[in-house]
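Me: I would like to learn how to read the features of a model like this one. Could you take me through it step by step?

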Amino acid sequence: MTCAEFEDLLDRLEPGHALGAEARRHAGTCPRCAFALRLESTLVAAPSWMPRERMAAERRAFLLARARTRFWAAPDWSARLQESALSALVAVVLLGAGVFALPPLLKEVLPPSLYEAAAAAVSPLVGEVAPLFAPLAATGAGLALLVFCGYALCFAASLGASVYAEAGQG
Ligand SMILES: [Zn+2]
């Protein structure tokens with residue numbers, strides 16, 4: 001018996017009737033269906049004056065939890081990957097544009113004294129880091145490799161963020 005068959009049986013079970021032997025066996029081996037059975041028994045045992053909406057809400061919550069379990073068992077990775085790939089592409093283009101556009105922009109926006117101070121603080125760092133990448137950036141293939149690495153980083157970050165956001169909703 002599958003979980004779907006079990007839940008179908010549970011849904012169609014008349015109050016006061018017991019489950020068949022096969023269904024009880026399934027509940028004995030499947031923690032999720034055992035939980036569903038426990039939930040159902042609790043609801044059936046609830047006083048009759050309790051509003052029926054309560055049962056509907058509980059069942060809905062269970063179904064939602066089950067849907068989430070299914071989502072994680074077989075998530076729609078292709079949509080998520082496409083979305084993350086697009087986000088990464090946009091991020092790399094913006095980063096690339098930012099690297100070239102930022103210094104002139106800062107020079108225009110910041111007061112001269114502040115810009116001088118910032119440049120003095122940043123240039124030793126650039127002086128340390130830039131030579132590491134300069135040989136790579138000098139050749140087309142190296143530059144492509146740098147861009148690809150940036151893309152891979154953005155892609156991983158975007159994918160991680162989307163999975164994290166999804167988990168936060170659940
Ligand atoms: Zn099951």
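**Reading the helices and the core**

Reply: Happy to, beginning with burial: a residue is buried if 20 or more other C-beta atoms lie within 10 Å of its own, exposed if 12 or fewer, and partly exposed in between, with C-beta atoms placed from the backbone. Here, 6% of the 170 residues of the protein chain count as buried. This is a predicted model: local features need pLDDT of at least 70, side-chain atom pairs count only at pLDDT 80 or more, and totals for chains, interfaces and linings use all residues. Residues are numbered from 1 along each chain as its sequence is written.

Me: How many helices and strands does the protein chain have?

Reply: Helices (H or I, at least four residues) and strands (E, at least two) are DSSP runs, numbered from the N terminus. This chain has seven helices and zero strands, giving the pattern α-α-α-α-α-α-α along the sequence.

Me: Which residues make up the largest nonpolar core?

Reply: A nonpolar core is a set of buried Ala, Val, Leu, Ile, Met, Phe, Trp, Tyr and Cys residues joined through C-beta atoms within 7 Å. The largest one has six residues: Phe-6, Ala-23, Ala-27, Cys-33, Ala-36 and Leu-37. At least two of them come from each of α2 (21–29) and α3 (31–45), and α3 gives the most, with three residues.

Me: Which residues does Ala-23 touch, not counting those up to four places away in sequence?

Reply: Two residues are in contact if their C-beta atoms, placed from the backbone, lie within 7 Å. With those sequence neighbours left out, Ala-23 touches Met-1, Phe-6 and Leu-9.

Me: Is Ala-156 buried or exposed?

Reply: Ala-156, found in helix α7 (residues 140–169), counts as exposed because it has 12 C-beta neighbours inside 10 Å.
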